[in-house]
Amino acid sequence: MLRAHTDFVTRATEVLRKDDTIHGLAVGGSWLTDEIDPYSDLDLILVTKERISGDKDSMLLAASKLGRLLSGFTGEHVGEPRVLICLYDAPLLHVDIKFVTLQEFHDRVETPAILLDKAGALEKALSVSAAKFPYPDYQWIEDRFWIWVHYALLKIGRGEYMEAFDFFGFLRMVVLGPLSHIKNGQLPRGVRKVESQLPAQDYEALRQTLPEYDRQALLRSLRSAVSLYRELRTTLFDPSIALQGETEEKVMRYFDEIEAAGPA
């Protein structure tokens, strides 16, 4: 562990030990796998006796007691308003604090390390529950993928390259990155650490979906994305997944037309 991270955790634990409004404190993320480096953030779970998530002012007040808080905002943009995303100073450190009640602590995507457990309530909660990391719904993806490809073709065909360019990031985060991780026995964490966790061949296939900013590059990368999706679909999907064959055929025919037509 790096000293900046351990010092923050030690200080936060001592502050919270005197706070009668909380059950305890836990930590997740890269702390659990001993992968913290100078660029890592801290993922803390603060278990409170009364719910304060949803009350930004109360969340900020609690966070301000743990260190020299510069700024913080709630995580609606990542679908988790219970998380306060914080930047502390001295040293400059990114810390995510999830505010949960004891009941909410049961539901988790990983089993955190307990830092402070005043009456053993956190340990008991972990002992009677299990971590469940959310996996993508393959049918949900297949039902949408070809419409997404068609949407990207419309943007490229019209010359709206900026919007088409941004589409690839979405596709990697929601589909190609998670499926590539699953193929290799890893948790589907978007494109996190694909540079180090994917085999060279799989990483290169994903890298081919990074276009340059011009029409032909966008089309080439979209072809690569389609090819990679088909490969991942063949590897991962079982026969219960209903493939959108007619939609796929029509969209790929349109793909050929857009390529042949040239710039608008």
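Contact here means heavy atoms within 4.5 Å. With that cut-off, residues 24 or more positions apart account for 59% of the contacts in the protein chain with a separation of 6 or more.

## Ground rules and overall layout

This is a predicted model, where local features need pLDDT of at least 70 and side-chain atom pairs count only at pLDDT 80 or more, while totals for chains, interfaces and linings use all residues. Residues are numbered from 1 along each chain as its sequence is written, and side-chain values use heavy atoms, with hydrogens and water left out.

The protein chain has 10 helices and six strands; these are DSSP runs numbered from the N terminus, with helices being H or I of at least four residues and strands being E of at least two. Along its principal axes, the C-alpha trace spans about 70 × 40 × 35 Å. Of the 264 residues, 43% count as buried, where buried means under 20% relative accessible area, exposed means over 50%, and partly exposed is in between (1.4 Å probe, protein chains only). The chain exposes about 14100 Å², with carbon and sulfur atoms supplying 53% of that. Those areas come from the Shrake-Rupley method with a 1.4 Å probe, and for residues only the protein chains shown count as cover.

## Two nonpolar cores

A nonpolar core is a set of buried Ala, Val, Leu, Ile, Met, Phe, Trp, Tyr and Cys residues joined through side-chain atoms within 4.5 Å. The largest one has 36 residues, and the members touching the most other members are Val149, Val175, Leu176, Leu179, Leu222 and Tyr229. Helices α5 (138-158), α6 (161-183), α9 (215-236) and α10 (245-261) each put at least two residues into this core. A second, separate core holds 25 residues, including Leu44, Leu46, Ile52 and Ile97.

Back in the largest core, take Leu179: leaving aside neighbours within four places in sequence, Leu179 is in contact with Pro136, Tyr138, Ile141, Tyr229, Leu232, Leu236 and Phe237.

## The largest pocket

Rolling a probe the size of a water molecule over the atoms shows where empty space is left. For the pockets, the search runs on a 1 Å grid over the protein atoms alone: a cavity is a set of points where a 1.4 Å probe fits but cannot get out, and a pocket is an open set with protein on both sides within 12 Å along at least five of seven lines; lining residues have an atom within 4 Å of a point. Grid points are joined across faces, edges and corners, and a volume is the space filled by probe spheres set on the points.

The largest pocket comes out at a volume of about 1400 Å³. Its lining has 39 residues, and those nearest the centre are Asp43, Val109, Phe133, Arg189 and Arg192. β2 (42-48), β4 (80-89), β5 (93-101) and α3 (102-105) each give at least two residues to that lining. By class, the lining splits into 14 nonpolar, 11 polar and 14 charged residues. Here Ala, Val, Leu, Ile, Met, Phe, Trp, Tyr, Cys and Pro count as nonpolar, Asp, Glu, Lys and Arg as charged, and the others, Gly among them, as polar.

## The second largest pocket and Ala62

The second largest pocket holds about 180 Å³ of space. Among its lining residues are Leu16, Asp19, Leu46, Lys49, Ile52 and Ala62. β2 and α2 (56-64) are the elements giving two or more residues to this lining, which has five nonpolar, three polar and four charged residues.

Ala62 sits in helix α2. Not counting neighbours within four places in sequence, Ala62 is in contact with Ile52 and Phe99. Ala62 and Asp19 are 43 residues apart in sequence and 10.0 Å apart in space, C-alpha to C-alpha.

## Glu259 on α10

Glu259 belongs to helix α10 and counts as partly exposed because its relative accessibility is 31%. Residues up to four places away aside, Glu259 touches Arg215, Leu219 and Arg223. Its C-alpha is 49 Å from that of Leu44, with the two residues 215 apart along the chain.

## Backbone oddities

The peptide bond from Ala90 to Pro91 is cis, with omega near 0 degrees. Ala90 lies in the loop between β4 and β5, as does Pro91. Ala90 also has a positive phi, near 60 degrees, despite being a residue other than glycine, and counts as exposed because its relative accessibility is 53%.

Asp34 is a non-glycine residue with a positive phi too, about 55 degrees. Asp34 is found in the loop between β1 (22-28) and β2, and is exposed, with a relative accessible area of 55%.
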